[in-house]
Amino acid sequence: MSFRKFSSDADVIAFARQHSDLFTADESLQVEEIGDGNINFVYRVSGDSNSLIIKQALPYVRIIGEGWPLSQDRVRIEAEALQLEAKHCPDLVPRVYSYDAEQCAIVMEDIGAFENLRIVMVRRQKLPLLAEHLGRFLADTLFYTSDLYLDTYEKKSLVKGFINPDLCKISEELFFWDPYCDHERNSINEFIRADAEQLWQDNALKLEVARLKAKFLNQAEMLLHGDLHSGSVFANQSGTKIIDPEFAYVGPAGFDIGSIIGNYLLNVAGQANQSGDHVERSDYQQWLLEGVKTLWNTFEQRFLQHMQTETRDPSLQLDEYADWYMSELLADSLGYAGAEMIRRTIGLAHVLDLESIEDAERRADSERLALKLGQILIKQRSAFTGIDQAIDMLRQQLYCR
């Protein structure tokens with residue numbers, strides 16, 4: 001049997017029954033297509049008391065068609081990444097029930113009780129456990145897939161298993177190329193066109209972006225989620241679920257950390273011009289900045305504890321090495337956060353945090369703020385001695401507006 005795209009609800013239901021035991025034989029099932037529809041097909045299959053999610057990958061980008069071919073190996077990578085993440089953080093990822101290599105489809109837990117974090121943030125809802133959960137997820141999934149924990153053979157095998165050129169190429173271009181030139185893929189608000197053109201002429205900025213890109217291309221450090229933005233996080237008052245690691249590959253740890261920090265800060269920029277009471281919006285901006293601090297501090301404390309108690313290589317157990325390592329990692333994380341902010345503002349893939357501001361001129365004000373913060377984080381990333389200093393700088397930029 002060769003690959004066959006699901007062509008009807010009956011196909012999806014038959015696949016769900018074959019690959020899970022959640023439903024009884026006589027149970028009536030319903031199918032709903034969910035997700036953004038840009039790359040893959042995602043279905044929810046529901047019965048009387050249970051439901052599950054099926055994700056099927058096509059051999060091309062769905063929204064473009066066969067003109068943009070894409071390896072279906074990405075669905076294997078996603079399934080294996082979720083299973084590996086579940087070894088270390090089972091409460092923070094959806095459970096994988098089954099993976100079918102021939103049909104390029106994953107059957108997994110329905111996380112319908114959780115809401116998309118980007119939407120939650122736009123409406124200014126505070127989630128008390130979110131930052132701590134994200135910090136724990138990053139500390140555990142990154143440490144346990146690094147040379148700090150794995151032996152040489154385990155680590156090289158991991159790198160080999162997560163070679164992901166098609167998805168990495170998308171990230172390479174959207175993060176580090178398109179936003180820094182007048183690329184046809186870019187989408188730019190006419191009111192910040194001059195700001196974008198000025199950015200394109202900033203060779204000092206582009207040098208730092210090139211340095212970040214070189215690490216992304218060459219530093220096979222830890223297994224990354226690879227696309228850790230607020231659209232890939234679902235959360236509620238009591239829990240968090242991180243989904244969609246189809247971009248997973250072995251790369252620099254700061255890329256994952258910076259990507260999610262950048263999404264916190266994109267919402268900070270958006271709240272400057274979102275609708276609603278100014279005091280409420282300012283209060284939420286401060287909650288977000290404190291969240292970045294909590295996220296990093298949770299990550300740092302837990303990661304250092306892992307280094308001190310579980311690092312297997314004696315040559316990497318020096319306290320001085322740990323101090324140097326965390327300093328470098330903070331700088332990388334801040335730099336990648338800045339890159340995420342810039343690419344989401346003038347690149348191809350924009351975000352609701354900014355796009356939901358209907359008035360283009362008001363949106364431009366938030367976009368300028370995002371560009372300004374992003375450039376500072378990239379250029380000055382090595383100057384910050386700790387997360388508190390970085391947050392103080394961000395607060396100062398808000399107060400000076």
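Q: Why are Glu 246 and Lys 55 called buried or exposed here, and which is it?
A: Both Glu 246 and Lys 55 are buried, because that word means under 20% relative accessible area, with exposed over 50% and partly exposed in between (1.4 Å probe, protein chains only). Keep in mind that this is a predicted model, where local features need pLDDT of at least 70, side-chain atom pairs count only at pLDDT 80 or more, and totals for chains, interfaces and linings use all residues. Side-chain values use heavy atoms, with hydrogens and water left out, and residues are numbered from 1 along each chain as its sequence is written.

Q: What makes the Glu 246 and Lys 55 pair a salt bridge?
A: Their N to O distance is 3.9 Å, and the term asks for a side-chain nitrogen of Lys or Arg within 4 Å of a carboxyl oxygen of Asp or Glu, so the pair counts. Lys 55 and Glu 246 are also linked with Arg 74, Glu 78 and Asp 244 in a network of salt bridges.

Q: How do you know that Arg 395 and Glu 290 are paired?
A: The closest N and O atoms of Arg 395 and Glu 290 are 2.5 Å apart, a salt bridge.

Q: Why is Arg 395 called buried, and what is Glu 290 called?
A: Arg 395 has a relative accessible area of 14%, so buried fits. Glu 290, at 34%, is therefore partly exposed.

Q: What makes His 225 buried?
A: Its relative accessible area is 1%, so His 225 is called buried. Contacts (heavy atoms within 4.5 Å) of His 225, leaving aside neighbours within four places in sequence, include Glu 85, Ile 242 and Phe 247.
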